[in-house]
Amino acid sequence: MEKVSDIDYKNTDWTKFFIRHSGENTYLVQFGKEPILKKNYVYQTPNMTSYRQSYYESHKQEFKDRYKLWYERNKEEIKERRRIQYQNEEKINCECGKVFQKRTLRKHLKTKTHILFQQK
């Protein structure tokens with residue numbers, strides 16, 4: 001961005017530029033090349049982080065007990081998810097010569113290599 005005071009107004013192609021006011025300054029900006037104005041947001045202040053840490057330290061046993069209860073209630077569901085995940089990671093050797101995971105079977109069947117192999 002150029003400051004407007006440095007611009008030759010008579011020799012500027014105004015179909016390619018526009019003027020942007022930013023605070024007290026005025027700039028000439030080229031279309032399509034304007035910088036994205038970002039605001040820096042602070043999501044956690046240092047005081048908030050220290051508060052969370054101190055809260056966790058003072059209630060550590062409660063967090064552990066709550067997690068244990070949750071795990072006991074959902075033990076079967078967790079085992080089932082792990083079993084399904086393990087099955088999907090199983091390796092398959094295709095007739096076309098490629099090796100892939102079971103979870104990517106549909107994607108593999110659409111590849112050029114597999115389609116050309118089927119046409120032979």
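This section describes the fold, aromatic pairs, cysteines and one helical polar contact of a predicted model.

The protein contains five helices and five strands. Along the sequence these elements follow the order β-β-β-α-α-α-β-β-α-α. The mean pLDDT of the protein is 78, and 66% of the residues reach a score of at least 70. Confidence varies between the elements: helix α2 (residues 60-73) has the highest value, at 95, whereas strand β1 (residues 2-3) has the lowest, with a mean of 50.

Burial and contacts were examined for the protein as a whole. Of its 120 residues, 12% count as buried. Among contacts with a separation of 6 or more, those between residues 24 or more positions apart account for 12%. The exposed area of the protein is about 11,400 Å², of which carbon and sulfur atoms supply 51%.

The count of aromatic pairs comes to four. One of them joins Y55 and F63 in an edge-to-face arrangement, with 6.3 Å from centre to centre and 80 degrees between the planes. Y55 is partly exposed, at a relative accessible area of 38%, and F63 is likewise partly exposed, at 29% relative accessibility. F63 also pairs with Y56; the ring centres are 5.3 Å apart and the planes stand at 35 degrees, so this pair is classed as tilted. The relative accessibility of Y56 is 37%, which places Y56 in the partly exposed class. Together with Y51, the residues Y55, Y56 and F63 form one aromatic cluster.

No disulfides were found in a search of the whole structure. For C94, the closest cysteine sulfur belongs to C96 and lies 3.5 Å away, which is too far for a bond. The cut-off for a disulfide is 2.5 Å between the sulfur atoms, and the separation of 3.5 Å therefore excludes the pair C94 and C96. The closest cysteine sulfur to that of C96 is, in turn, the one in C94. Both residues fall in the buried class: C94 has a relative accessible area of 16%, and C96 has one of 17%.

A side-chain polar contact was examined in helix α3, which spans residues 75-88 and includes E77. The side chain of E77 makes a polar contact with the side chain of R81, at 2.7 Å. E77 is partly exposed, with a relative accessible area of 43%.

Terms used
Residues numbered from 1 in each chain as written. Heavy atoms only, no water. Helix = DSSP H or I, 4+ residues; strand = E, 2+ residues; numbered from the N terminus. Buried < 20%, exposed > 50% of the residue type's maximum accessible area, 1.4 Å probe, protein only. Polar contact = N/O pair within 3.5 Å; in protein donor to acceptor, adjacent residues only side chain to side chain. pLDDT = per-residue confidence, 0-100. Contact = heavy atoms within 4.5 Å. Areas by Shrake-Rupley, 256 points an atom, 1.4 Å probe, with all protein chains shown as cover. Phe/Tyr/Trp six-rings, centres within 6.5 Å; stacked < 30°, edge-to-face > 60°.
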